[in-house]
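Please open the model in your viewer and keep the selection tool at hand. The tour moves from one selection to the next, with a short account of what is found at each stop.

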Amino acid sequence: MLELYGRAISSRLLLGTANYPSPAVLQRAAREAGAQIVTVSLRREIAGGSGRVGGFWSLICDLDVQVLPNTAGCHSVKEAVLTAQMAREVFGTNWIKLEVIGHHDTLQPDVFALVEAARILVDDGFEVFPYTTDDLVVADRLLDAGCRVLMPWCAPIGSARGPVDKDALRSLRAHVPDIPLIVDAGIGRPSHAAAVMELGYDAVLLNTAVAAAGDPVAMAKAFALAIEAGHLAAGAQPLEPRDVAVPSTPVIGKAVFS
Amino acid sequence: MTILIKGAGVAGLALAAELARRGVGVTVADCSERPLGNASSMAGGMLAPWCERASAEEEVLTWGRDAADWWDAMLPGEVTRNGTLVVAPGRDRVELARFAERTSGHAVIDADRIAELEPDLAGRFRHALFFDGEAHLDPRRALSGLVDMLESRDVRFYFGGAPGDASVHCALEADCTGFAQAVDDPDLRGVRGEMLILRTAEISLSRPVRLLHPRFPVYVAPRRDHCFMVGATMIESSRAGPVTVRSMMELMNAAYSLHPAFGEAEVVETGVGVRPAYPDNLPRVKVNDGVVSINGLYRHGFLLAPAMARQAADLLCEQISGMELRNGTHG
C-alpha cells in the first residue's frame with residue numbers, strides 16, 4: 001500500500017477540484033474514482049477574506065477525503081509560504097502541495113524558489129508535496145530540504161500531452177527508488193496515466209483531464225481503472241521492447257528443427 | 001389576495017411580472033436601495049442557453065430556450081436577437097473545436113462571414129461559431145423596465161428597509177433574496193463574479209462575443225452608449241469585496257485580445273456580485289413552511305428566471321385557490 005508521510009493510502013488517484021461543471025459533478029467524479037486525496041487551491045478563493053470556509057469547501061469536506069491544500073497561483077516564496085500557513089488554519093492539516101510558478105503562461109515551476117519555500121515550510125512543521133520538474137538535481141535538493149514525496153510533471157499543466165520524456169521519468173524513478181513519486185501535471189488520457197504507472201510511479205494527480213472531459217464522472221472511473229492497471233503491470237515485470245519479432249510458438253524451420 | 005415577494009433582483013421581479021400577468025396582486029420588498037439586486041445588476045444579460053450547455057446540465061437548455069420570448073413579451077423592444085459569436089485566439093483554436101463538440105445550435109463560420117456579422121472584428125479571427133438562436137438584453141434596463149411596468153399595474157414596492165406593514169396585508173410570501181437566504185439554506189453557496197464596464201466609441205458589436213481560452217472563458221457584451229460589459233470571473237467564494245487586480249487584468253486582457261482598441265477604452269465601472277448556487281449549479285423552486293422560494297440561479301439569472309418564475313407562480317396560484325376554497329370565497 002502507498003504510504004505518504006506515514007499515512008496509508010489505498011487509492012493511487014489524487015483528484016484536483018477546479019473547473020468542474022458543478023460541485024455535484026465533482027463529488028460524483030471523486031466517488032466514482034474512489035479518490036482518497038483531493039487537492040484544493042485557495043490563493044484566490046480566500047484573498048482579502050476572513051479565511052472562513054465557504055460553501056464549496058463544505059461540499060469537499062462532505063466527501064470524507066483527505067484534503068491536500070495547494071499553493072496554486074503563487075509566484076514567490078513569500079506568497080507560497082503565506083498561502084500554506086492560511087491553508088493549515090483553514091483545513092487543519094500539515095499537508096501542503098507546494099507550487100511556486102515561475103512562468104505565468106506555461107505554469108512551469110520555479111524550482112529555485114520551490115526549494116527555498118520547501119525548506120521554510122518543512123522547518124515550520126509542514127509535510128510538503130512539491131510540484132517539480134523531472135530534474136534529478138532539483139529532486140535531491142527537495143529531499144535535502146526535508147520533502148519525503150515528490151510530484152514531478154510529465155508535461156506542462158493542462159497540456160494533456162502525456163509523458164513527453166519517458167527516459168527522464170525512468171531515470172528519476174531509478175534515482176529515488178524509495179521516495180513516493182506522484183505525477184502531477186500533463187496527463188490527458190487514461191493511457192498516459194497507465195504509462196507512467198508502468199514506469200513504477202506511485203500515483204497520479206489529475207484535474208483538467210477529468211474536470212474538462214465531456215463526462216467527468218465516466219472519465220474519473222476510466223482513469224481509476226487505468227491507474228490500477230498500470231500499477232499492477234509495473235509489479236508484474238512487463239516485457240521490454242525488442243528489435244525483432246519473437247513468436248510465442250516455435251516456427252517450423254527455425255530454432256527447434258534447425 | 002396579495003403575495004409579498006421578498007427580493008427585487010431578477011428572480012423576484014420575474015416572479016412579480018409572471019404573477020401580475022396572471023392577475024394576481026403583488027407587493028415587492030427589498031432591503032437594499034436601487035440599483036436592483038446584488039448579483040442581477042452585475043449580470044451579462046445573455047440569453048444563451050446553447051452556449052451555456054458547454055458546461056451546464058441539459059436543464060439549462062430546456063428551461064432557458066424560451067427565455068428570450070418571455071422577456072420580449074414582458075418588455076417589448078428590450079431583447080436583441082442577434083445571436084452569439086464565439087471566437088478563440090489563434091493558439092487556442094483547439095478550444096473552439098471542443099466547444100463546438102459540446103454544444104448544438106451553432107454554425108462554423110469563416111473570416112468573411114465574421115466580417116459581415118461584426119465588421120470591427122474583420123480579419124481578426126479565421127473561424128468562429130455562430131449561435132444564431134441566442135439573444136441578449138441589458139440587465140439593468142430590464143430590471144428597471146420590469147419595475148416601471150409593474151408600478152404601472154399598481155404593484156407596490158418597498159425599497160431600503162424591512163417590508164414592515166407590507167407583510168401585514170399579504171396572505172402569502174415568496175422568498176427571492178438570493179445569496180442572503182444562505183443563512184437558512186445550507187445547500188446554497190456563493191460564487192463570486194467580477195465584471196468591468198468599458199466605454200469606447202472605436203468599436204461596435206451587435207451581439208455578445210465569447211472568447212475561449214483554456215483558463216478563463218470571458219465574454220464582451222455590447223451595451224448602449226458605446227459601453228461594453230466584460231465578464232465574468234467565477235471564484236468559489238462568497239466575498240463581495242472589490243475586484244482584485246488579477247481578475248481585472250484577466251478581464252481587460254481578454255477584451256484587449258478581442259480587439260486592441262479596447263486598450264484605449266475607459267474603465268467606467270468595476271463590479272462584484274455573489275451568485276447564489278446549489279451543488280449542481282441548477283436553480284430550484286422550493287416550498288418551506290408554505291413559503292415558496294426561487295434561488296440558485298448561479299450564472300443564469302436572466303436566462304432561467306422566466307422558467308423558475310412560471311414554476312413558482314404555478315405553486316403560488318395553487319396555494320391561493322386552496323386558501324380561497326378554505327375561506328369559501330371561491331366561486
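Begin with the contact between the two chains of this predicted model, selecting the 19 residues that chain B contributes and the 22 residues that come from chain A. Between chain B and chain A an area of about 1,600 Å² is buried, and carbon and sulfur atoms give 44% of that area. Stay on the side of chain B that touches chain A, and select helix H5 (93-102) and helix H8 (245-258) of chain B, each of which supplies at least two residues there. H8(B) gives the most to this side, with 3 residues. If you colour this side of chain B by residue class, its residues divide into 11 charged, 6 polar and 2 nonpolar. How many salt bridges are there between chain B and chain A? The count is 0, while the residue pairs in polar contact between chain B and chain A number 6.

Next, turn to chain A and select A:Gly158, A:Ala185, A:Gly186, A:Asn207 and A:Thr208, which UniProt lists under "binding site" in an unreviewed entry. Although these residues are spread over 51 residues of sequence, they cluster in space, with a largest C-alpha distance of 9.6 Å.

Now take two of them singly. A:Gly158 sits in the loop between strand S8 (151-152) and helix H6 (166-175) of chain A, and it counts as partly exposed because its relative accessibility is 48%. A:Gly186 belongs to the loop between strand S9 (182-183) and helix H7 (190-198) of chain A. Is A:Gly186 buried or exposed? A:Gly186 has a relative accessible area of 6%, so it is buried. Leaving out residues up to four places away in sequence, A:Gly186 touches residues including A:Cys154, A:Pro156, A:Ser159 and A:Arg161.

Note on methods: Residues numbered from 1 in each chain as written. Chains lettered and ligands numbered in written order. Predicted model: local features only at pLDDT ≥ 70, side-chain atom pairs only at ≥ 80, totals over all residues. Heavy atoms only, no water. Contact = heavy atoms within 4.5 Å. Buried area = accessible area lost by both parts, 1.4 Å probe. Salt bridge = Lys/Arg side-chain N within 4 Å of Asp/Glu carboxyl O. Polar contact = N/O pair within 3.5 Å; in protein donor to acceptor, adjacent residues only side chain to side chain. Helix = DSSP H or I, 4+ residues; strand = E, 2+ residues; numbered from the N terminus. Nonpolar A, V, L, I, M, F, W, Y, C, P; charged D, E, K, R; others polar. UniProt positions renumbered as here; feature names shortened; annotations may be inferred. Buried < 20%, exposed > 50% of the residue type's maximum accessible area, 1.4 Å probe, protein only.
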